[in-house]
Every structure is written in structure tokens, then in C-alpha cells.
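These are my notebook entries on a structure that I had not examined before. I set down what I looked up, topic by topic.

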Amino acid sequence: MLLSCPQMFKDMQQTSVTLFSGLRSGMSRAEVIRTLAAALASGDDVERIIRSALTREEEESTYLGHGLAVPHARLEGLAAPRIGLATCADGIDWKGERATLIVLLVVPAERPELHLALLGTLARTLSAARKQGTPLSLPALAEKLSGISA
């Protein structure tokens, strides 16, 4: 199931966040990336996202600990960031670790600062939830991430 949670800003491109449910624990990292890329884009952009994210995964795993994996891609000519959020209660094998929250970040190649801003917002939100001992709300996370504009 897909839910889109964009937040509009005057004269700014919005960050599009898509919540995805339906990941299965037997899926590979590549299958998860393909599934999320297809939810975020269409046509040639899907393949460009997949190639970029899988190339990055081959260089170094994007598993960050605490069940979080953040595969990412940078695309030339992308108007605004696109983010796919997905969970899998049993976890996805991410190079020997179990990822229960997967965040696919796709940012304009020309705007690397957006990648850092999104990672910072993600880290602060997850850290606050952990410190407070409260469960993470994906819709609330989506709203915070969608507040970052190009």
C-alpha cells in the first residue's frame, strides 16, 4: 500500500515521501530497493535509482545500526528529493544485519546538501524517539522529512 505525504511550500519544490507496506523478510536488499524505486518513480528514473542505489551498496553497506538501512541515490535533473519509507517487522537481511526500517533517499545530484539535511532530520527524529522510549510514527517521520524543500 502506498500513501503519499507531500508538504507544499510557496515557490519551492516539495520533498515527496511515500510510505510503503508489504516488504517481506525473505526479500533481498536489491528487491527492497527495486520495490521502493518503483513506488517513487516511473520509466527510466526507476532504473536510474536502482543502479545508483545498488552501486552505492556495493561500495559500502548503508545499514546504520539499530535496525536502520538508508540506501540512497543521486540523480541528475531531479526536481526535488523523493523518499521511500518502509518497515519489515522480521527485518530484511542487510549484509548480515536485520533492517526493520528502510529509508530510500533519492536526491538531486546537483544538491548534495539536501542529502545531508534529510539524513540529519532522520537522525534527530529517530534519536528523539529512542531517548523518549516512544515508538516511531512513520506518518510523523514522513511529515518531518517532507518539510525539507529543494
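**Entry 1: Overall layout**

I read the chain along its sequence and obtained the pattern β-β-α-α-β-β-β-β-β-α-α. The secondary structure comes to 4 helices and 7 strands. I note at the outset that this is a predicted model.

I then looked up burial and contacts for the chain as a whole. Of its 150 residues, 44% count as buried. Among contacts between residues at least 6 apart in sequence, 65% join residues at least 24 apart.

**Entry 2: The helix pair α1 and α2**

I recorded the geometry of this pair in the usual terms, since two packed helices are described by the angle between their axes and the distance between the axes. The axes of α1 and α2 come within 9 Å and cross at roughly 145°. I entered this crossing as right-handed.

Which residues meet between α1 and α2? From α1 I listed R29, A30, I33, R34, A37 and A38, and from α2 their partners V46, I49, I50, A53, L54 and E57. Sorted by class, this contact has 9 nonpolar and 3 charged residues, with no polar ones.

**Entry 3: The helix pair α3 and α4**

I turned next to α3, residues 112-132, and α4, residues 138-146. Their axes come within 10 Å, with a crossing of roughly 150°. The crossing of α3 and α4 is right-handed. On the α3 side I found L118, T121, L122 and T125, which meet L141, K144 and L145 of α4. By class, I counted 4 nonpolar, 2 polar and 1 charged residues in the contact of α3 with α4.

**Entry 4: The nonpolar cores**

In soluble globular proteins, nonpolar side chains tend to be buried together. I therefore looked up the nonpolar cores of this model, and the largest has 27 residues. Within this core, L23, V32, I49, W94, I102 and L104 touch the most other members. Two or more residues come from each of α1 (29-40), α2 (44-59), β5 (72-75), β6 (82-94) and β7 (97-108).

I followed V32 more closely. Leaving aside neighbours within four places in sequence, V32 is in contact with L23, M27, I92, W94 and I102. Apart from the largest core lies another, of 17 residues, and I noted L85, V103, V107 and L138 among them.

**Entry 5: I83**

I selected I83, which lies in strand β6. Is I83 buried or exposed? I83 counts as buried because its relative accessibility is 0%, and the cut-off for buried is under 20%.

I then listed what I83 touches, not counting residues up to four places away in sequence: T15, S16, V17, T18, L40, V103, L104, L105, L118 and L145. One of these, L104, I examined separately. The C-alpha atoms of I83 and L104 are separated by 5.6 Å, although the two residues are 21 apart along the chain.

**Entry 6: T62**

My last entry concerns T62, in the loop between α2 and β3 (63-65). T62 is buried, with a relative accessible area of 2%. Which residue shares a side-chain polar contact with T62? I found W94, with the contact at 3.4 Å.

Not counting residues up to four places away in sequence, T62 touches R56, E57, L68, A69, V70, P71, H72 and W94. I had already entered W94 among the residues that touch the most other members of the largest nonpolar core.

Definitions and conventions: Residues numbered from 1 in each chain as written. Predicted model: local features only at pLDDT ≥ 70, side-chain atom pairs only at ≥ 80, totals over all residues. Heavy atoms only, no water. Axes fitted to C-alpha atoms, helices over the stretch in contact; angles between N-to-C directions. Left-handed = near helix turned anticlockwise from the far one by under 90°. Contact = heavy atoms within 4.5 Å. Nonpolar A, V, L, I, M, F, W, Y, C, P; charged D, E, K, R; others polar. Core = buried A, V, L, I, M, F, W, Y, C linked by side-chain atoms within 4.5 Å. Buried < 20%, exposed > 50% of the residue type's maximum accessible area, 1.4 Å probe, protein only. Polar contact = N/O pair within 3.5 Å; in protein donor to acceptor, adjacent residues only side chain to side chain.
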